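The following paragraphs lead the reader through the structure shown below. They begin with one pair of strands, pass to two sheets, and end with pockets and a single side chain.

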Amino acid sequence: MSLHRILVALSPLSVVLAWTVTSWGADVTFKMHRIGQFRSEACGVADFNGDGKLDVVAGPFVYLAPDWKAYKIRDLKGEVDNSGKGYMWNFADLPLDVDLDGRPDVISCDWFEKCLDWHRNTGFDGDLWPRTVIDVSLNHETAQLADVDGDGKAREIVPEVAPTWWWEIVSQADGKVQFIKHVVSEKPMNFGSGVGDVNGDRRPDIIRPNAWFEAPSDPRQGTWIEHPIALGGAEEGTAEHTAQILVHDVNGDGLNDLIASSAHRYGIYWYEQVRDGQEIKFKRHVIDNTWSQAHSLTLADIDLDGDLDLVTGKRFMAHNGGDPGAFEPLGVYWYELQAKPEVKWIKHAITYDQGIGAGLNIPVVDMDGDGDLDIVVTGKWGGPVWFENQLR
């Protein structure tokens, strides 16, 4: 990795370019753009004002492209000091046009208030966006949007709570919105979840660190079959708190594998699906165990070679310094997947020891419309930051 310091003109809320980070081995370089300095742990990307440019939501603000002016859309409880200790009470920022009015809204959740809610996009005239509470019941580690009902649209909410359930959004013709909870299992499990077709029946299954739940033909009414597994543990066959659990055919054998990490310890793993007759088993392989708290995982084709790579980063002060390796250098990385002749994950640093990591999720999108995928991160180190892919 090559790191070059560049002198630039800075404004208080927008850094056009502070560093250029070169990641060798795949001809991928990234240019860093600092968007903000707010200490929160979730972010999202969407065109919130309808001008055709992608904006960023993080903390109480939407940062509008291209100058990244911050517009306050909500008040948040909580506090984070300059060392990163403390929490803002916001653990997900999921852009979605909930009420189908053509404007992306924001779905959020919170650990401390034990809630799931959505903020309706009413524009940027100075008023805060109206908040609707969907659920107040359990601690929410975070949440994600997924296609649970198999219609090809990621419009279902999968919260990371101890039980396993998902929320269906039903938008009425009169603009009213109904949220329907579908319970998969009431059994408490480690935090972490994912959605994808594990067994090849073309139905989206739900995966937790302790089990994968086989989807019925009717995901709303049928019984989800529990299959025990163990993801995220440092020892084979052990489960613990994971980040997002990704479903992907890593080795190209036609069977979907799983990718997971230990959210608060060392270890990023892929779990190879192995068939023993009709029985599905998973064989664990280590991707990297040299740094801790990989609390967010995203699959994307970073080098445009036609396969999916892994993007992740180190969470900052997840438990206020109480996790293993908490004070080791922050970083954001992408792992180049080479599936043949044998699986290899080649590590590339996007940023290392610059005080920038990744919080609870990592949007990977084409921010500037040039045909390659860029990376947005934030965390209690103070963000968000956009890493512009320089392939195109």
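Trp 165 has Val 183 in S17 as its bridge partner. The model is a predicted one, in which local features need pLDDT of at least 70 and side-chain atom pairs count only at pLDDT 80 or more, whereas totals for chains, interfaces and linings use all residues. Residues are numbered from 1 along each chain as its sequence is written, and side-chain values use heavy atoms, with hydrogens and water left out.

Strand S16 (residues 164-171) and strand S17 (residues 177-185) are paired antiparallel through eight bridges. Strands here are DSSP runs (E, at least two residues), just as helices are runs of H or I of at least four residues, numbered from the N terminus; two strands pair if DSSP finds at least two bridges between them. Strands of a sheet pair through backbone hydrogen bonds, either parallel or antiparallel. Five residues lie between the strands in the hairpin of S16 and S17, and there Gly 175 takes a positive phi near 95°.

Further along the chain, four strands form an open sheet in the order S18-S19-S20-S21, with antiparallel pairing. Its edge strands are S18 (194-196) and S21 (225-228), each of which pairs on one side only. From one strand to the next the twist averages 25°, with axes taken as lines fitted to C-alpha atoms (for helices over the stretch in contact) and angles running from 0 to 180 degrees between N-to-C directions. S18 is joined to strand S19 (residues 205-207) by three bridges, and the two run antiparallel. Within this pairing, Gly 196 has Asp 205 in S19 as its bridge partner.

Another open sheet of four strands follows the order S22-S23-S24-S25, again with antiparallel pairing. Because S22 and S25 stand at the edges with a single partner strand each, one side of each is left without a neighbour in the sheet. Neighbouring strands of this sheet are turned by 20° against each other on average, direction ignored. Strand S24 (residues 266-276) runs antiparallel to S25 and is joined to S25 by 10 bridges; Trp 270 stands opposite His 285 in S25.

The pockets come next. A pocket is an open set of points on a 1 Å grid over the protein atoms alone, where a 1.4 Å probe fits, with protein on both sides within 12 Å along at least five of seven lines; lining residues have an atom within 4 Å of a point. The largest pocket has a volume of about 660 Å³, a volume being the space filled by probe spheres set on the points, which are joined across faces, edges and corners. Among its 25 lining residues, Leu 94, Gln 144, Leu 145, Thr 298 and Ile 362 are the closest to the centre. S14 gives the largest share of this lining, four residues.

The second largest pocket has a volume of about 240 Å³. Its lining holds 16 residues, of which Pro 228, Ile 229, Ile 280, Lys 281 and Phe 282 lie nearest the centre. Strand S20 (211-214), S21 and strand S25 (279-292) each give two or more residues to this lining, and the largest share, four residues, comes from S25.

Finally, His 348 is found in strand S29 (residues 344-352). His 348 has a relative accessible area of 4% and is therefore buried (under 20%, against over 50% for exposed and in between for partly exposed, with a 1.4 Å probe and protein chains only). Its side chain makes a polar contact of 2.8 Å with the side chain of Glu 336, a polar contact being a pair of N or O atoms within 3.5 Å, of which, within protein, one must be able to donate a hydrogen and the other to accept it, and residues adjacent in sequence count only if both atoms are side-chain atoms.
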